[in-house]
Amino acid sequence: MSRPVQFNTKVKVVDMPEGYSGEGFYATSFDKAIGLARANSIWPLPFATSCCGIEFMATMAATYDLARFGAERLGFTPRQCDLLMVMGTISKKMAPVLRQVYVQMAEPRWVMAVGACASSGGIFDTYSVLQGIDQVIPVDVYVPGCPPRPEAILDGFMQIQNLVHNESLRRRHSDKYKELMNSYGIQ
């Protein structure tokens with residue numbers, strides 16, 4: 001009697017990093033192995049303030065399912081997350097809070113600005129709205145749209161994965177990175 005279980009034949013297997021293989025062994029650089037592990041186990045921290053947060057909820061739901069990219073666990077504490085996803089309008093009163101959340105995150109950390117409001121202030125060109133979160137924290141990936149479709153959020157997430165996978169372990173200790181943090185007043 002055959003089993004009624006159907007096997008998924010469309011599973012995408014991650015390619016091995018560059019290296020040398022032989023019978024019974026595989027050798028690669030430590031950077032590439034760590035990059036592969038980090039890129040496929042990102043823990044996002046959603047910082048949603050308006051309609052882009054609703055689109056993010058759709059991205060996490062079953063139709064788009066961000067979990068299939070290794071982001072199964074959403075964290076709501078900055079000390080356990082490594083990707084800050086800022087979605088929506090950030091007022092100037094909220095900017096110090098956003099900065100504090102960023103500073104509380106452990107290194108390495110990445111930031112994704114989702115939507116027009118987080119990227120550039122959007123349609124709210126007023127005295128009270130921050131015209132882009134890159135005025136208070138460094139941003140790695142910008143996702144355009146008002147609000148962006150879940151496909152755009154997934155594309156931004158895959159850009160973050162590519163950035164994480166190819167980042168050197170020593171980049172965060174370089175003089176250029178320290179200079180970038182100092183330009184934001186972050187030690």
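**View 1. Leu98 and its contacts in the predicted model.** Leaving aside neighbours within four places in sequence, Leu98 is in contact with seven named residues: Phe47, Leu84, Val86, Ile90, Ile133, Val136 and Ile137. The model shown here is a predicted one. Apart from the core that holds Leu98 lies another core, of 21 residues. Its members include Ile42, Tyr64, Phe69 and Met112.

**View 2. The largest nonpolar core.** This core has 23 residues. Those with the most contacts inside the core are Leu84, Val86, Leu98, Tyr102, Ile133 and Ile137. Which elements each supply at least two residues of the core? They are strand 3, strand 4, helix 3 (95-104), strand 5 (110-114) and helix 6 (175-183). Helix 3 gives the largest share, four residues. In soluble globular proteins, nonpolar side chains tend to be buried together.

**View 3. Strand 3, an enclosed strand.** Is strand 3 largely enclosed or largely open? Strand 3 covers residues 44-48. Four of its five residues are buried, so the rest of the structure largely encloses this strand. A residue counts as buried when its relative accessible area is under 20%.

**View 4. Strand 3 beside strand 4.** Strand 4 spans residues 83-87. The two strands pair in the parallel sense, over five bridges. Look for Ala48: opposite it, in strand 4, stands Met87. Helix 2 (residues 51-60) joins these two strands in a β-α-β unit. What is the handedness of this unit? The unit is left-handed.

**View 5. Four cysteines from a UniProt record.** An unreviewed UniProt entry places the feature "binding site" at Cys51, Cys52, Cys117 and Cys146. These residues are spread over 96 residues of sequence, yet they cluster in space. The largest C-alpha distance among them is 9.9 Å.

**View 6. Cys52 and Cys146, two settings.** Which of these cysteines is buried, and which is exposed? Cys52 is found in helix 2. Its relative accessibility is 4%, so Cys52 counts as buried. Not counting residues up to four places away in sequence, Cys52 touches Met87, Gly88, Val114, Gly115, Pro147 and Pro148. Met87 is also the residue that stands opposite Ala48. Cys146 lies in the loop between strand 6 (141-143) and helix 5 (150-166). With a relative accessible area of 55%, Cys146 is exposed. The cut-off for exposed is over 50%.

Key
Residues numbered from 1 in each chain as written. Predicted model: local features only at pLDDT ≥ 70, side-chain atom pairs only at ≥ 80, totals over all residues. Heavy atoms only, no water. Buried < 20%, exposed > 50% of the residue type's maximum accessible area, 1.4 Å probe, protein only. Pairing = 2+ DSSP bridges. Right-handed = clockwise from strand over helix to strand, strands pointing away. UniProt positions renumbered as here; feature names shortened; annotations may be inferred. Contact = heavy atoms within 4.5 Å. Core = buried A, V, L, I, M, F, W, Y, C linked by side-chain atoms within 4.5 Å.
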